[in-house]
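These are my notebook entries on the structure shown below. I looked up the sheets first, then the helices, the ligand shell, the backbone and the confidence values.

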Amino acid sequence: GARPVPDYLVRLNPEQRLAVETTEGPVLVLAGAGTGKTRVLTTRIAHLLATGRAYPSQILAVTFTNKAAREMRHRIGDLIGPSVEGMAWLGTFHSIGVRILRRHAELVGLKSNFTVLDADDAVRLMKQLIQAEGIDEKRWPGKQLALLIDGWKNRGLTPKDVPPGEGGAFAGGKGVKLYTAYQERLKVLNACDFGDLLLETIRLFRENPDVLAEYQQRFQYMLVDEYQDTNVAQYLWLRLLAQGRRNICCVGDDDQSIYGWRGAEVDNILRFEKDFPGAVVIRLERNYRSTSHILGAASHLITHNEGRLGKTLFTDIADPEAAKVQVASSWDSEEEARAIGEEIEALQRQGHSLDEMAILVRASFQMRSFEERFIQLGLSYRVIGGPRFYERAEIRDALAYLRVVMQPADDLAFERIVNTPRRGIGETTIRLLHDHARARRIPMMAAAEELVQTSEIGAKARTALRDLVAAFARWRGRLDAVKHTELAEIILDESGYTEMWQQDRSADAPGRLDNLKELIRSMEEFESLEGFLEHIALVMDRDSADTTEAVSIMTLHSAKGLEFETVFLPGWEEGLFPSQRTLDESGRAGLEEERRLAYVGITRAKRRALIWFASNRRIHGLWQSTVPSRFLDELPEKHVDVVEQTSSYGGYNVGGIGNYGASRFDRADPFSNTYSTPGWQRAQKNRAASADKPTARPTMRVIEGELVAKSTGSASAYAIGERVFHQKFGYGTVSAIEGNKLTVDFTTGPKKVVDSFVTRG
Ligand code: ATP
Ligand code: MG
C-alpha cells in the first residue's frame, strides 16, 4: 500500500522533491539564489538516511566554509536527530582532504602526523628556497612565488604538469624549479600546505587504485554545495571519487560565482554534463527568500552579464506592503554610517531583531565607519569572517607606532613593532632589551637607548636599533610642529611599514594598505594624536558579548549562502564597487564577477534591501567626489525607490539621483574604466539643480528634535549656547560652529569636536 509521504518531503516543491528523490546517478541542480538548493541538499541527506539507502558515514557532503558546514550539520540534525553525529564526512574540501591524507600519509611520502603549514609558514619556507637559489628575494618575494604555486595547485598541476613556458613568470624561468624544491622540502619537514590537502589526495588516488576504490565504495552518495565556486583541483578530486558509484549531486548558481580570483571555474558546471553523461539537470525557479521587488532588481541586474547560463526566477512572496529596493545617497562615509545607524534603530523600535540585519561591504576598510558609529550608538554588532577594524594586524601595528611616539614607556607597543618591518633586531637582542629593562627597572625604549651605546648587542642589530631609537626621538620632536595625520603618515613611511605592505604580493596586501589609509582618515576627526589614541583605547576596551542580538557586518564574499530580513549595501560607487582594482586587473571578466557579487548581495535580503552611495570618499588621501556605481544604472526602475534625502545632517541636500533610469542604456561602452559615464554625469548635474526641489518622498527617518535645528540651514545640528554632552569631555556649552565642527567649552577648557560625537546635554 501507499506509505505516507514523510514530513520532510511535504515541505518541498515538485522540482525540489525530484532533486531529493533522484537518489541514484548524477544530479545537477542549477538554480538562482534563494530557490532552496541548500535545503535540497540537507533534505536529500535526511532522505538517504531515512530510507536506509546509506549510513551516515557513507555520505560525503562538501561545503565551502566551516560556517556553512556547521550550519548544514545543524539543519540536518533538525531533520534526523542525533544520528547526524555519525556524518564523519561532512565538511570543507580541506577538512575532508586532511582526514583522507592522514590515513594514507605514508603512500605519498609523509608520516600520519604531518603538519599543515599555514600561509605564513609556507611563504617563509619559499623565501628560504629563493635565497638558497641565489635569487634576490627583494625582487622576487616569497609571497609572489606563493601566489604562483597556489595558482598551479588550484588547477591541479604538480611541478611536472606545469605547461612549459608558464614557469617563466618567476625569476627568469625558475618558477617550476622552485616549486619542485618546495615540494621536496615539505616532504623533508613532514609537512604539506593547504593546496596539497587536495593535490596530494588526488595523487594518492591516481597512484593507488586500490585506495581510490575503497573510497569510491565508501562514499555511496556525494553532495556538493556552492558548486559554482569549485576550482579545477576540487573538481578533479570530486570526479575521481564519484566515478565509482556515480551518485553525485551538485547544487550551484553560475550567477553567484565570486571566487574566480582564487581559481574557481564556472566551466566546471559545463564539464559536469560531459563527465557524467546522463546527468539529470534540475532547475529550480521559485525563490522562497525574497520579495518580488528584491528578486526583480537582482535578476535584472544580472542580465547585464554576458557569460551566463541564464534562468528565470519568480517569487510568490506576496506582500502588497513590500518595499522596493531603496537607493539612497549620503555626503560621505560617516554620514552613510550615521544614516544606516538611524535606520537600524528605527527598525529596532518597530520590533525587528538586530540578528536579522546585515551590512555587506565590498572592501573591509568600509567597516570602520560603521563599527565606530555603532559603538557610539551602543548598537551591538559582530564582524563575520574577520577581525574588527581596530583588531586587524596592520591597524594594531600602526597604532603601536603611534603609541610609542606618544608614550615611549609603552613596552607592549614597542615590542610589537621593534622588528616590524624586519630590520634585523632578532630574538636575542629583544631578550637583551628585556633583561636590561628589568634589571634597571626602566622601559624597553630607555633600555634600548642605553644599550645602543654599549657593545652588548651585535653590530648589525645595534645599528638598526640605534636608527629606530633616533627615529622615534625625531617623530616625537615633531608632535607639535606637524599635523597629527601628517605625522602618522610620515611615521608609517619612514619606518618602512607602508613599504612592507607595498612590497607584499599576497592577495590581502592591497586591502591592508586601504585599511591604513582609512586609519589616517579616521584620525582627522580628532584634534590631536593624544585625543585619537584615547578614543581608540575606549573603542578597543569594549567587550564583545557574542550572545546578544547583533547586527552582522561582513564582506559580500563572506555573505554567500546566508539570508537576512534587512540588508544594507553601502558604498556603491565606481572604483569601490565595482572595484577599480578588479577592473584594472581582470577587465571585463572582472566586471562580470563584480556584478555577480552585487547579485549575491541583493539576494541575501528577504524583505528589505537598501543600497547606498556616498558623494564623497577619500581616495589616495584626497577627498574626491564620486560617481555612483554603474550597477545602480542597471537596476530596473520599477523595483527601485530612489530615496530623496532631505538630508538630516550637514545642511547638505542630496537632490536624489536625478533622471536615474533614463540613463540606463546611454553608456556606449559598458566596460569603460573612466569615470565619465554619461548617464550619471547628467544625474550629478541634476542633483545640484534639484537641491531644493525634492522629487521623491523622503523616507529617511529623522530623530525627533534634530530636524528643527537642521532645517534652519545651519550646517550643524546644534546652536551656539546650547548645552551638549561628549562621551569623553563631559558637559559643555557650544561657543562656535564651523560646518560640522563645534567648539565647546567643557569644564576642562574649550575643545573642538565633531558634532556627531556629542548629544544634547
Ligand atoms: P543561495 O543561492 O543563496 O545559497 P539556496 O538556493 O541555497 O540559496 P536556501 O538557503 O536553501 O536557498 O533557501 C532559501 C530560503 O527559502 C530558506 O529560508 C529556506 O528555508 C526557504 N525554502 C526553501 N525551499 C522552501 C520550500 N519548498 N518551502 C518553504 N521555504 C523554502
Ligand atoms: Mg545555499
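**Entry 1: the seven-stranded sheet**

I began this predicted model with an open sheet of seven strands, which run in the order β13-β14-β12-β15-β16-β11-β19 with parallel pairing. I noted β13 (381-383) and β19 (640-642) at its edges; each has a single partner strand, so one side of each is left without a neighbour in the sheet. I then looked up the twist: on average, neighbouring strands of this sheet are turned by 20 degrees against each other, direction ignored.

I next took one pair from this sheet. Strand β15 (residues 564-569) pairs with strand β16 (residues 605-614) in the parallel sense, over five bridges. Within this pair I found Phe-568 bridged to Leu-610 in β16. I also looked for a helix packed on the sheet and recorded α15 (residues 367-377), which touches β12 (357-361), β13 and β14 (551-555). The direction of α15 makes about 165 degrees with that of β14.

**Entry 2: the six-stranded sheet**

I turned to another open sheet, in which six strands follow the order β3-β2-β6-β7-β1-β8, and I recorded the pairing as parallel. Its edge strands are β3 (90-92) and β8 (280-284), each pairing on one side only. Here I noted an average turn of 15 degrees between neighbouring strands, direction ignored.

For a pair in this sheet I chose strand β2 (residues 59-63) and strand β6 (residues 221-224), which pair in the parallel sense over four bridges. I found Val-62 opposite Val-224 in β6.

Which strands does α12 lie across? I recorded helix α12 (residues 267-275) across β1 (27-31), β7 and β8, with a direction at about 150 degrees to β1. I also entered α11, which lies across β6 and β7 (248-252) and runs at about 160 degrees to β6.

**Entry 3: α9 against α11**

I followed α11 further, to its packing with another helix. Helix α9 (residues 194-207) and helix α11 (residues 232-242) pack at an angle of about 35 degrees, and their axes are 10 Å apart. I noted the crossing of α9 past α11 as left-handed.

Which residues meet in this packing? From α9 I listed Leu-198, Leu-199, Thr-201, Ile-202 and Phe-205; from α11, the residues they meet are Ala-233, Gln-234, Leu-236, Trp-237 and Leu-240. Sorted by class, I counted eight nonpolar and two polar residues in this contact, and no charged ones.

**Entry 4: the shell around ligand 1**

How many residues surround ligand 1? I recorded 17, of which Gly-36, Lys-37, Thr-38, Arg-39 and Tyr-288 come nearest. Helix α3 (residues 37-50) gives the most to this shell, with three residues. By class, I entered three nonpolar, eight polar and six charged residues in the shell around ligand 1.

**Entry 5: backbone details**

I looked up the cis peptide bonds and entered two sites. Thr-420 and Pro-421 are joined by a cis peptide bond with omega at about 0 degrees, and I placed Pro-421 in the loop between α17 (411-417) and α18 (427-440). Phe-577 and Pro-578 are likewise joined by a cis peptide bond, with omega at about 5 degrees. I found Pro-578 in the loop between β15 and α25 (580-602).

I also noted Ala-171, whose phi is near 45 degrees, a positive value in a residue other than glycine. Ala-171 belongs to the loop between α7 (142-154) and α8 (175-188).

**Entry 6: confidence of the model**

I closed with the scores. The average pLDDT of the protein chain is 84, and 87% of the residues score at least 70. Where does pLDDT stay under 50? I entered residues 646-714 for this, a stretch for which the model has 111 contacts beyond four places in sequence. For the model I recorded ipTM 0.99 and pTM 0.72.

Note on methods: Residues numbered from 1 in each chain as written. Chains lettered and ligands numbered in written order. Predicted model: local features only at pLDDT ≥ 70, side-chain atom pairs only at ≥ 80, totals over all residues. pLDDT = per-residue confidence, 0-100. Contact = placed C-beta atoms within 7 Å. Pairing = 2+ DSSP bridges. Helix = DSSP H or I, 4+ residues; strand = E, 2+ residues; numbered from the N terminus. Axes fitted to C-alpha atoms, helices over the stretch in contact; angles between N-to-C directions. Near = placed C-beta within 6 Å. Nonpolar A, V, L, I, M, F, W, Y, C, P; charged D, E, K, R; others polar. Left-handed = near helix turned anticlockwise from the far one by under 90°.
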